[in-house]
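Good morning, and thank you for the opportunity to speak. Please look at the structure on the screen while I discuss some of its charged side chains.

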Amino acid sequence: MKKEWKFGTELDKRTQQELIRLAYEGKERSYSPYSGFEVGAALLAKNGTVYLGCNIENAAYSVTNCAERTAFFQAVSEGVTEFQAIAIVGGLKGSKSGELCAPCGVCRQVMMEFCDPKEFQIILEDGKGGCFAKTLEAFLPFGFGPGNLKKKE
């Protein structure tokens, strides 16, 4: 599911909080019958569209998909490949306030594929009703991405 959202060039607190709110919409769609841990994500594309994602579990755990990747894959399937930020929330089924829920390593690698690590912002709840943002580079120092595969001339 995607949502239209108008934003400025800065990810101010109001924008961060709105993305957290939208991530909760994604969390409500979680399919997590095995762990009971629901995760939602709201991915802000540079064109202003927000793509929602939820975690989708599977009885064969290795094919479970995280909320972050669900949002990225939906956006990419629609031809969108430039992103500004992602908000991530998570908690036990039915919880209304989140706990700190950072992206897993696989999701960080997907972000590295499409995002500038120095600019892309990851927004998380702080577990106290607030939120904070850090760059992808802060979450994935020395990351490996498309730039590593370009031939040096």
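I shall speak about salt bridges, and then about one charged residue that has none.

Please keep in mind that this is a predicted model. The count of salt bridges in it comes to five.

Let us begin in helix H1, which covers residues 13–27. Here Glu 25 forms a salt bridge with Arg 21, and their closest N and O atoms are 3.0 Å apart. Because the two residues are four places apart in this helix, about one helical turn separates them. Glu 25 is buried, at 16% relative accessibility, whereas Arg 21 is partly exposed, at 42%. Glu 18 belongs to this picture as well: Glu 18, Arg 21 and Glu 25 are linked in a network of salt bridges.

Next, I turn to Lys 93 and Glu 38, whose side chains meet in a salt bridge at 3.8 Å, N to O. This pair links distant parts of the chain, 55 residues apart: Lys 93 is in the loop between strand E4 and helix H3, and Glu 38 is in strand E2. Lys 93 is exposed, at 61% relative accessibility, while Glu 38 is buried, at 8%.

Finally, which charged residue is buried yet has no salt bridge? That residue is Glu 68, in helix H2. The nearest side chain of opposite charge is that of Arg 69, 6.6 Å away; a salt bridge would have to lie within 4 Å, so this pair does not qualify. Among the residues that Glu 68 touches are Val 39, Ile 86, Cys 104 and Met 111.

Thank you for your attention.

Note on methods
Residues numbered from 1 in each chain as written. Predicted model: local features only at pLDDT ≥ 70, side-chain atom pairs only at ≥ 80, totals over all residues. Heavy atoms only, no water. Buried < 20%, exposed > 50% of the residue type's maximum accessible area, 1.4 Å probe, protein only. Lys, Arg positive; Asp, Glu negative; His and termini not counted. Contact = heavy atoms within 4.5 Å.
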